[in-house]
Amino acid sequence: MENENQLLDINHLHTGFRIKDDFYDAVDDVSISLEKNEILAIVGESGCGKSTLATTIMGLHDPNKTKVAGEVIYQDLNLVDLNEELYNKIRGNDIGMIFQDPLSALNPLMRIQDQIAESLIFHTKLSKEKRYERVLELLEQVGIPNPPRVAKQYPHELSGGMRQRVMIAIALSCKPPIIIADEPTTALDVTIQAQILDLLKELQEENGTGIILITHDLGVVAEMADRVAVMYAGQVVEEAEVGELFNNPKHPYTRSLLNSIPQMDSENDELHVIDGVVPSLVKLPRKGCRFAARIPWIAAEEHEENPVMHEVAPNHFVRCTCYKNFHFEEGGE
Amino acid sequence: MSFLEIEDLKVHYPIRGGFFNTVVDHVYALDGINMSIERGKTYGLVGESGSGKSTTGKAIMGLEKITDGRIIYEGKDVSKQIRGKNSTYNRDVQMIFQDATSSLNPKKRVRDIIAEPIRNFERLTEGEEKKRILELLDIVGMPEDAMYKYPHEFSGGQKQRLGVARAVACRPKLIVADEPVSALDLSVQAQVLNFMKDIQEEYGLSYLFISHDLGVVKHMCDHISIMYRGRLVESGTREDIYKDPQHIYTKRLIAAIPEIDTENREVHKANRRRVEEEYRQNEKQYYDENGKVYDLKSLTDTHKVALKNIEVGGN
Amino acid sequence: MWKTVLRRVLFMIPQLFILSILIFALAKLMPGDPFTGLITPDTDPKTIEALREAAGLNDSILVQYGRWITNAFKGDFGVSYTHKIAVSSIIGQRAGNTVFLSLFTIIMTYVIALPVGLLAGRYQNSIFDKIVVIYNYISYAVPTFVLGLVILFLFGYQLQWFPTSGSVDVGVTSGTFAYFMNKLYHLILPGLTGAILGTATTIQYLRNEVIDAKQQDFVKTARSKGVPVSKVYSRHIFRNSMLPITSNIGMELVALISGSIFIETIFAYPGIGQLFIQSIGSRDYSVITALVMLFGVITLIGTLVSDILMSVVDPRIRLD
């Protein structure tokens, strides 16, 4: 699949965490790619491995406690094999990252301007004056009123929305072609969330950035994404264009999730509940369909022994065969 | 008929300053809230962070000192004796918290956690108490042996259900639920919400459902109030609020909710932009000269809105 | 901020006033008086009585207190009963030594503790870190006087590298460089003892702060900017970890000055700690009360300095 628009190509990526003496994969054989000018949403509930995937791409895991295998190809480089020194040239410069809680993600003792200028120190040869000019430019770009003043302030002096704008400015500072946004609006109020999402989208369209948007909020996905990958228990279980995914969801997990959203029109109906709980990393079944235990009324032979992705429509992939005859439990609770 | 009336409730915090650290001003965390609560209904209280919605819940629970106003419970003013040991009000009004983990004492067994309100308000023999706890566990869908376990042995959703079991242990009339599902995953959230509805029917409970999530509130509530800067900007039935919002702040909130409607995403965005624009241009006329929200005025029997002149809103 | 400082200083007045009452009352509750020690079977009770009368000890408590506090306010704490010179001048001679010792101790503490604590935190669970942890446990467990005696015995008597008492040798001309060096030479053993005890706390504190800071989100942000790990430590982690230590310097000094009793006694170092012990032994009220007042003032000032420092180094804390 050679494609000149392709920014990032992830193949068979595994990230295992050490628990006692064994490694357990939190990201288990994920293959996915990101193109230029695209927002790829990765959606799933807590513990599905979506944030681990993000930190793996950034190479931020402690090598003593994690084992990473597979490929993250960026410009003919496999990031997984890079040494620290080379990786530092990529981080911030080619891939920017935005975190969930902008208050804890900013250093409380550093002025805003120094935090934004920091990536410029390590990736550009700009003089100090030029760096601060760029800082003001960036603050302006992310819609912060009165940049010269804010530049000299500390994180605690800003509101949540403003802090997240600062985080975006940091991520944008070296104009990276890729941005990873890990739950960028979860800690914010809805009206602020809307503003931040609009800003991200605008900046993305302006610069042709590819964004990996990690979120648990299907509403945010529907508003923002071009393509969506749904993760469950460390694996991608469904991947499709955003319209296709919401209008024609196939995997039982995707369908169940969509049914459990309390939405505007479902008013007094009972919400759908998925039986059981997500198994812990250690107890996760490593064989067979991982969702099988949550839909016990589906016969065992509907599942594949080693579930793989099936292309059910152009560019719409679903893991395991159980989607074919899936139905919700009749007269269920 | 309403059994609980909140009249002009105020909670002001002093700001100290100056040379002698005297009170120089107040934070108006709650500034004149009125509400009336009927049996078996769910009341939504929506607002963004800092709007005072949690303070309202705490003030009703007596966890926050009331500066002014009255809480009238079954015809009696209880605002002075709130938190009194033997008041029926304390037994009849219970609370569920957002963070189930920190609201359950990690050193106590589930049995003792759930029994706490029973031991406070009722005199039961050990056998009766055990029977009640088993009933409660059954209602919240937990197995019997959960009784002897500790909170950390349960998942987030299960802990929240234990929190609910504790809240309903003394058959209260009102449960104040402060962001009860905000920390939960979607599928777990669905479970807790369903089950809150189930026990509501079973006990004829009322809820004051405090949340920032308009989707959840719409699903759960009969009546919704929108809060901003310690005051209510709009209050009405679900239809009033969602189909015919009058106050610009309500409109903004509703427009900002991400919708699962991928085809109309541009329309939705344009609408959001339009509301934001309107907000920017006309913000001033929605608040008085001090930026304070106006008093609520009745638009219809159920629908109240805080506008200077009721006509301003229009459609 | 200056307003707050001024307010805090003004608030010290009533605090010191209450302290003075307490001190005075406690001093009076102590059994005996300075002349008790002079009594022998041959002493004429009249002589003692006359001395008491002359010293004003037979006046009513209120009168005595009034006299004491008025004079104290003028800086006159009376005359030492045993040394027969003004209390202020005897304390003045000794205080310089104690301040000198405390500063020396604190500098030594930080010179050792800062790098060790930061490195132990950074390389947590390394062999170095494990040694540091063991060292900490040991120095926590050893009481001051034991350590002091061991050091004194080893370096003072056995090896004879350092002097075992005093703050300066007799016959060295005051004001010369040699005098200063000689003073420093006398400081090393007591200073070292104090520092060894101080390092354990500071190392432990810093190590925990670093381990804590490593997990912070802003460290992840810095790493995701492409800042190399070593720079992440120097630019983000170390600075943030030193914050609590910096703001604690004021209190640390207070603890050293008022806690110098053991070390000064062991090393026969003529500071206010040693003076305090001696004065208690000889029931020298005027010195005791003056010293306790001094400790009180130092503590109040130390707290204020700590608060000011805190607001200077941490932008989130404002003094108002």
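# A walk through the predicted model

Start with the largest nonpolar core: 68 residues, with Ile114(B), Leu137(B) and Phe209(B) having the most contacts inside it. A nonpolar core here is a set of buried Ala, Val, Leu, Ile, Met, Phe, Trp, Tyr and Cys residues joined through side-chain atoms within 4.5 Å. Buried means under 20% relative accessible area, exposed means over 50%, and partly exposed is in between (1.4 Å probe, protein chains only). Next, colour helix 7 of chain B, residues 186-203, which gives the most to this core, with seven residues. Helices (H or I, at least four residues) and strands (E, at least two) are DSSP runs, numbered from the N terminus. The core lies between domain 1 (2-221) and domain 2 (234-315) of chain B, because both give residues to it.

Before you go on, some housekeeping: this is a predicted model, where local features need pLDDT of at least 70 and side-chain atom pairs count only at pLDDT 80 or more, while totals for chains, interfaces and linings use all residues. Residues are numbered from 1 along each chain as its sequence is written, chains are lettered from A and ligands numbered from 1 in the order in which they are written, and side-chain values use heavy atoms, with hydrogens and water left out.

**Stop 1: Ile114(B) and the other core**

Select Ile114(B) and show what surrounds it. Not counting residues up to four places away in sequence, Ile114(B) touches Ile133(B), Leu136(B), Leu137(B), Leu162(B), Ala165(B), Arg166(B) and Ala169(B); contact means heavy atoms within 4.5 Å. Apart from the core you started with lies another, of 66 residues, and Leu7(A), Ile57(A), Ile170(A) and Ile180(A) are among them.

**Stop 2: the two domains of chain B**

Now colour chain B by domain: 2-221 is domain 1 and 234-315 is domain 2, with bounds from an automatic or database domain assignment. Taken over C-alpha atoms, the centres of domain 1 and domain 2 of chain B are separated by 29 Å. Eight residues from domain 1 of chain B and seven residues from domain 2 of chain B take part in the contact.

**Stop 3: Tyr228(B)**

Pick Tyr228(B), found in strand 9 (residues 223-228) of chain B. Tyr228(B) is buried, at a relative accessible area of 13%. Leaving aside neighbours within four places in sequence, Tyr228(B) is in contact with Ser51(B), Val233(B), Tyr249(B), Tyr279(B), Tyr287(B) and Val293(B). Put a distance label on Gly50(B) too: C-alpha to C-alpha, Tyr228(B) and Gly50(B) are 8.2 Å apart in space, though 178 residues apart in sequence. The side chain of Tyr228(B) also makes a polar contact with the side chain of Arg229(B), at 3.1 Å. For a polar contact you need a pair of N or O atoms within 3.5 Å; within protein, one must be able to donate a hydrogen and the other to accept it, and residues adjacent in sequence count only if both atoms are side-chain atoms.

**Stop 4: salt bridges**

Side chains of opposite charge can pair when their charged atoms come close. A salt bridge is a side-chain nitrogen of Lys or Arg within 4 Å of a carboxyl oxygen of Asp or Glu, and the count by this rule is 36 over all chains. Zoom to Asp28(A) and Arg290(A), a salt bridge with the closest N and O atoms 2.5 Å apart. The partners come from distant parts of the chain, 262 residues apart: Asp28(A) sits in strand 2 (residues 22-35) of chain A, and Arg290(A) in the loop between helix 11 (252-259) and strand 11 (309-313) of chain A. Asp28(A) is buried at 9% relative accessible area, and Arg290(A) counts as buried at 6%.

For another setting, go to Lys41(B) and Glu38(B), whose closest N and O atoms are 3.6 Å apart in a salt bridge. Lys41(B) is partly exposed at 33%, and Glu38(B) is partly exposed at 30%. Then select Asp198(A), Glu202(A), Glu223(A), Arg272(B) and Arg273(B), joined into one network by salt bridges that share partners.

**Stop 5: Asp189(A)**

Asp189(A) lies in the loop between strand 7 (178-182) and helix 8 (190-207) of chain A. What is the nearest side chain of opposite charge to Asp189(A)? Lys53(B), at 5.7 Å; Asp189(A) is buried yet has no salt bridge. In this charge count Lys and Arg are positive and Asp and Glu negative, with His and the chain ends not counted. The side chain of Asp189(A) does make a polar contact with the side chain of Ser49(B), at 2.7 Å.

**Last stop: chain C**

Show chain C by itself: 12 helices and zero strands. Its C-alpha trace spans about 85 × 55 × 40 Å along the principal axes, and 41% of the 320 residues of chain C count as buried.
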